[in-house]
Amino acid sequence: MNGEGESASAELHPFLTTFGRKLKLLQAHDPLKQWWSLDEMRFCVKCQHLFLGRDIRFLEDDSQVVHFHCPTFDCDGGFADWEYPELHL
Ligand SMILES: [Zn+2]
């Protein structure tokens, strides 16, 4: 029971912004981790891939709410699925 059930009417658009703004968004929205830079790595437990903060897909819905998705194609991983990579090395 996670990640499913999003309303089909919620259109998501790429949210284009500066790297500085992206970092601030991550710091403001990630309830679980600290973000010091966009070059930090995270490990997605859903797709088993490492990625950088700068690669996260920033999407905006019609209500100007920003959504954060795993950069892996077809993976809908989010903050709850991302762990500090140190745990896996
Ligand atoms: Zn993923």
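1. The strands β2 (residues 41–44) and β3 (residues 49–52) are paired antiparallel through 4 bridges, where strands are DSSP runs of E of at least two residues and helices are runs of H or I of at least four residues, both numbered from the N terminus, and where two strands are said to pair if DSSP finds at least two bridges between them. Within this pairing, Arg42 has Phe51 of β3 as its bridge partner. The two strands make a hairpin with 4 residues between them, and in the turn Gln48 has a positive phi of about 65°.

2. The model is a predicted one, in which local features need pLDDT of at least 70 and side-chain atom pairs count only at pLDDT 80 or more, while totals for chains, interfaces and linings use all residues. Residue numbers start from 1 along each chain as its sequence is written.

3. On confidence, pLDDT is the predictor's own score for each residue, from 0 to 100; the protein averages 89, and 85% of the residues score at least 70. Among the elements, helix α1 (residues 19–29) has the highest mean pLDDT, at 97, and strand β1 (residues 13–14) the lowest, at 95. Where pLDDT is low, the predicted coordinates should not be read in detail.

4. As to the overall layout, the protein has 1 helix and 6 strands, and these follow the pattern β-α-β-β-β-β-β when read along the sequence. Of the 89 residues, 10% are buried, a residue being buried if 20 or more other C-beta atoms lie within 10 Å of its own, exposed if 12 or fewer do, and partly exposed in between, with C-beta atoms placed from the backbone. Among contacts between residues at least 6 apart in sequence, 55% join residues at least 24 apart; a contact here requires that the two C-beta atoms, placed from the backbone, lie within 7 Å.

5. The hairpin of the opening point belongs to an open sheet of 3 strands, which stand in the order β3-β2-β6 with antiparallel pairing. Because β3 and β6 (82–83) are at the edges and each has a single partner strand, one side of each is left without a neighbour in the sheet. The antiparallel strands β2 and β6 are joined by 2 bridges, and the bridge partner of Cys44 in β6 is Trp82.

6. Asp81, in the loop between β5 and β6, is worth viewing together with strand β2. Apart from its neighbours within four places in sequence, Asp81 is in contact with Cys44, Val45 and Lys46, and its C-alpha is 9.4 Å from that of Arg42, although 39 residues separate the two in sequence. Asp81 counts as partly exposed because it has 18 C-beta neighbours inside 10 Å.

7. A second hairpin is formed by β4 (57–60) and β5 (66–69), which run antiparallel and are joined by 4 bridges; in β5, His69 is the bridge partner of Arg57. There are 5 residues between these strands, and Gln64 lies in that loop. The phi of Gln64 is positive, near 60°, in a residue other than glycine, and Gln64 counts as exposed because it has 7 C-beta neighbours inside 10 Å.

8. Asp74 likewise deserves a look at its backbone: this residue, found in the loop between β5 and β6, has a positive phi near 75° and is not a glycine. With 6 other C-beta atoms within 10 Å, Asp74 is exposed.
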